[in-house]
Each structure stands twice: as C-alpha cells, then as structure tokens.
Amino acid sequence: LAISAAGIVVCMLCSFVATNISTVKTQPDIEKVLKVQLVLTAVLMLPVTYFLAVKMLPKEFALESVRAKGHVMGTPEKAFACAAMGAVGGLIIGLITEYYTSHTYIPVRELATACKSGAAVNVIFGMALGYKSCIIPVFVLAANIYVAFSLCDLYGIALAALGMLSTLATGLTIDGFGPISDNAGGLAELAEFPPEVRERTDALDAAGNTTAAIGKGFAIGSAALVSLALYGAFVVRLKSLDVDVDLSGVNVLEPITFAFLLIGSMIPYWFAALTMKSVGKAAGEMVEEVKRQFSLTDSQGKTILTGSTEIKPDYDRCISISTKSSLKEMIAPGALVIGSPLVAGTFFGVQAVFGLLTGSLVSSVQLAISMSNSGGAWDNCKKYIKGGHSDDPELRYVKNPKTEVEKAAAGKAREAHDAAVQGDTVGDPFKDTSGPALNIVMKLQAIVSLVFAAYFSACGKGNGFLASYLFQ
C-alpha cells in the first residue's frame, strides 16, 4: 500500500514535467516528453522505495518458503532490491516496446519499406518484428523472477510486481493518450475539418499508438509476476490441506505434469484464435450492414454516398452489432480460461494444474508481447507512410500530388499505403483484442486455481477422480 500510494504522488508530481516544464511545441516533442515523464517517474521511485523499505520493515524478518520447509530471511535491502528490479524492469520493457513500435526508429521504417513489396511481405515482416520484440522483455522478466525469488521467495515476486506497477498512474496516463487522439481524429474527419487538423491528430495518434504499446508492455510484465505470485499462493494453500501429492516442488518429469505443460502452452493460442475470429465475424457483419445502408435509394434515386437528404445513416445499428458481438463472442474464451484449470484439477489432480498454469504463463507472456508490438508497429507503419515522414517519395502517400516527384511516385506510394492499411487491419485484433486479453488468461487461471484449491484437494486427495481411478 505504501509503495502504491507513493507511486501515485510521484506520478502526479512528474506530470508537471509535461504540462509546465518541458511542454510539447513541435511534433517530435510528443514522444520525447512522454518518454521523459515515464523515465523520470521510474527513477524517482527508486529512492522513495528504499526510504519506505528502511522505515517500514524490521531489520530482519522470516518468510515462509514455498520451495521447501523452513523460512527465508528477509531484510529491507533485499525487499528494496526486489521492488527496484520490478521498477527498472518495467522501464526497460517500456523503452524496448517504444523502439519496436515507434516510426522514429528502424524497425517500423523497415516495415514501411517492406510495404513496397506488397501486403504479404508487410505481414511477414510485422510478425517477425513482434517475435523479435519478445527477446529482451523475456530476459528482463526472467532476471526479475530469478533475483526476486532468490532474495525473498514469493514475497520478492510480489514486491517486483508492485515495483513494476508503482508507475501505474503515469502508465495509465500515456496509455489513455492514444485512444483520445484517435477519437479526436475521427471527430475531425466527421466534422470535415481542414486537412491540417487531421494531420495533427494523426501525429498525436501515432505517438499514442506507441504509448499504448508501452502501457501494454507494463501490463504484460506485471501480469506475469502477479500470476507467478498467485501460482505460489496456490501451492502454499495446498500445503495446508490434506493432499496425497509431493508439494516440495513442481516436477515437470511427472508424466501428468509434463502432459499438461504442453496443453497449458496451447491454451493462449486457442484463446487468441477464438478472440481474433470473433473480431473477424463482427467486422464482417459490420461491413454487410454498411453495404446495405449504402445501397438504399430515396425517391430521387440517390444514396447516402451521392448526397441523399431523405436517407440518414443508421449509426445505432452498427453500434448494436459491435456491442452484441462483443458480449456473445466472449462466452467461449471465458469458459476456456475458467474451465481449463477446473477440468484439469477435477479429473487429473493438482499436478496437472501445475503443468497447465506453468505452460499457460510461459506461452501467454511471449504471445501477448509479440501480438501487441506487431499490431502497434503495423499501425504506426501506416501513419509513417500517410504522414509523409519518409525521404523516399514512394513511401510518402499524397492524395493530390502536386510536384513532379510526387506525381511520378504516386502509383508506388498508393500501393505501399494500401499494403500498410491491410497490415494495420490485421494488426488491430492483435494489439487491441487478443494481445491485451492474454493478461487476463494468465491471472484468471491462477486465481481460479487458488480459489478452488480446497476442492481440488477433495478430488482423490489431490490426484483427481480420473487419475485416482486409472492408477489406483
């Protein structure tokens, strides 16, 4: 609570950097100011966390170990190291996310160049970019987990998660920057404002895509640490119950554990497939509804597109399609996430749940990072070409070319822009649906397992009904 409260105060003070000290004056300043605010918040949290650890914790305290019988001795310095690892780790993940999703840097510009070869090459490069962006964040999370667990066991993992979330107020601020800018651009287009207004909102939206990706990076990293802490709490809870299972550690060489390790690794892909297909179905219904409305003619034979004054667009119908689909299509993914640990624990025992949670956690982290970053990169690739930021005239899309250079490159630039739009269409369910939702997969499976720990212990003394019957 003290770390969270201090984080809110520090984030609030750092917000004055963007509003009063280092204000945005030109387009390149947008990302720079937001990044400075994020870095400054994380840096200032380190001495604050150390002060809180020294003042509020005893010089030495015993922590129950989840790995074996006995206790681990903690100190304020160890606690600070765990929280600091989380804060610095979150910052590194945020900066790496910015590098892979901002059109200021090489990866997105390479993606834009790939658009000259068509949509297929753009999609290939975008997916490769997402996979590559996992490397450093995964190493950072691995280091966080190793150090925190070694120093303070599960308490260290919880402190690392708190350290990563200590800058949450700033993270939420810059995360909300993107949707606000995006909606402002949409309103400017609906109101038929001059083109320069749309150009400015697009510049803000491009920065917003990057900041949203940074926020998702923080969320994914903290979700992994929180899930691991809940996983440990599940093991500790089982130790207090009557189970006929060795709980000194999770042994992946147990046949049932290894089998469900593979099944758990598959769950995030199954979940992502369900959510992406749902987005595709809803989008298809929306397209058909828009086509239907555009095909309607009035008494003079005019349509909405040709300036009919009798027929008005039915916005409510489109909104209804979106909201109904979002509710209906979430039933199957929700049942998958909640039901999988219940089925595993009921029929195959807690060893199966161990494997399921381990596989799902490891797989979800990497899939979530890659999908979020691929989607953000595709979106900013489109804005890079549309905004005319490239020195290559074939990567500067202009609706009404005026100069000879623009006219000569207009065909190639249009093709590159079309390829970028198709990549962005693929990336939207990546970054806005499946990627962020995988955070819930990690945490919810661990929470369900923890809540039903007593029930699992009653199912064949922790061995499950089916496993007890087959191997008795």
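Just after helix 7 comes Glu-192, and the phi angle of this residue is positive, near 55°. Please keep in mind, as we go on, that what we are looking at is a predicted model.

Let me stay with helix 7 for a moment, which covers residues 168–190 and so contains 23 residues in this description. From its first C-alpha to its last, helix 7 reaches 34 Å, and that is close to the 33 Å expected at 1.5 Å a residue. If you follow helix 7 on the screen, you will find that Thr-170, Gly-171, Ile-174, Gly-178, Ser-181, Gly-185 and Ala-188 are buried.

Helix 7 also takes us to the pockets. How much space lies in the largest pocket? The computed value is about 1100 Å³, and 32 residues line this pocket, with Asp-182, Asn-183, Gly-186, Asp-428 and Asp-432 lying nearest its centre. Which element gives the most to that lining? Helix 7 does, with eight residues, while the elements that each supply at least two residues are helix 7, helix 8 (195–239), helix 9 (255–295), helix 10 (315–328), helix 12 and helix 13 (404–451). When the lining of the largest pocket is divided by residue type, there are eleven nonpolar, nine polar and twelve charged residues.

Now to the second largest pocket, which holds about 890 Å³ of space and is lined by 29 residues, of which Pro-195, Arg-198, Glu-199, Asp-202 and Lys-386 lie nearest the centre. Two or more residues of this lining come from each of helix 7, helix 8, helix 12 and helix 13, and here helix 8 gives the most, with nine residues. The lining of the second largest pocket divides into nine nonpolar, seven polar and 13 charged residues.

Finally, let us turn from the pockets to the largest nonpolar core, which has 89 residues, and in which Phe-234, Val-365, Cys-381 and Ile-385 touch the most other members. Helix 12, residues 350–386, gives the most to this core, with 17 residues. What does Ile-385 contact, once we leave aside its neighbours within four places in sequence? The residues in contact with Ile-385 are Ala-112, Cys-115, Leu-395, Arg-396, Tyr-397, Ala-416, His-417 and Ala-420.

If you want one thread to follow afterwards, you might trace helix 12, which gives the most to the largest nonpolar core and also supplies at least two residues of the lining of the largest pocket.

Key. Residues numbered from 1 in each chain as written. Predicted model: local features only at pLDDT ≥ 70, side-chain atom pairs only at ≥ 80, totals over all residues. Heavy atoms only, no water. Helix = DSSP H or I, 4+ residues; strand = E, 2+ residues; numbered from the N terminus. Expected span 1.5 Å × (residues − 1). Buried < 20%, exposed > 50% of the residue type's maximum accessible area, 1.4 Å probe, protein only. Core = buried A, V, L, I, M, F, W, Y, C linked by side-chain atoms within 4.5 Å. Contact = heavy atoms within 4.5 Å. 1 Å grid on protein atoms, 1.4 Å probe; cavity = no way out; pocket = protein on both sides within 12 Å on 5 of 7 lines; lining within 4 Å. Points joined across faces, edges and corners; volume = space filled by probe spheres on them. Nonpolar A, V, L, I, M, F, W, Y, C, P; charged D, E, K, R; others polar.
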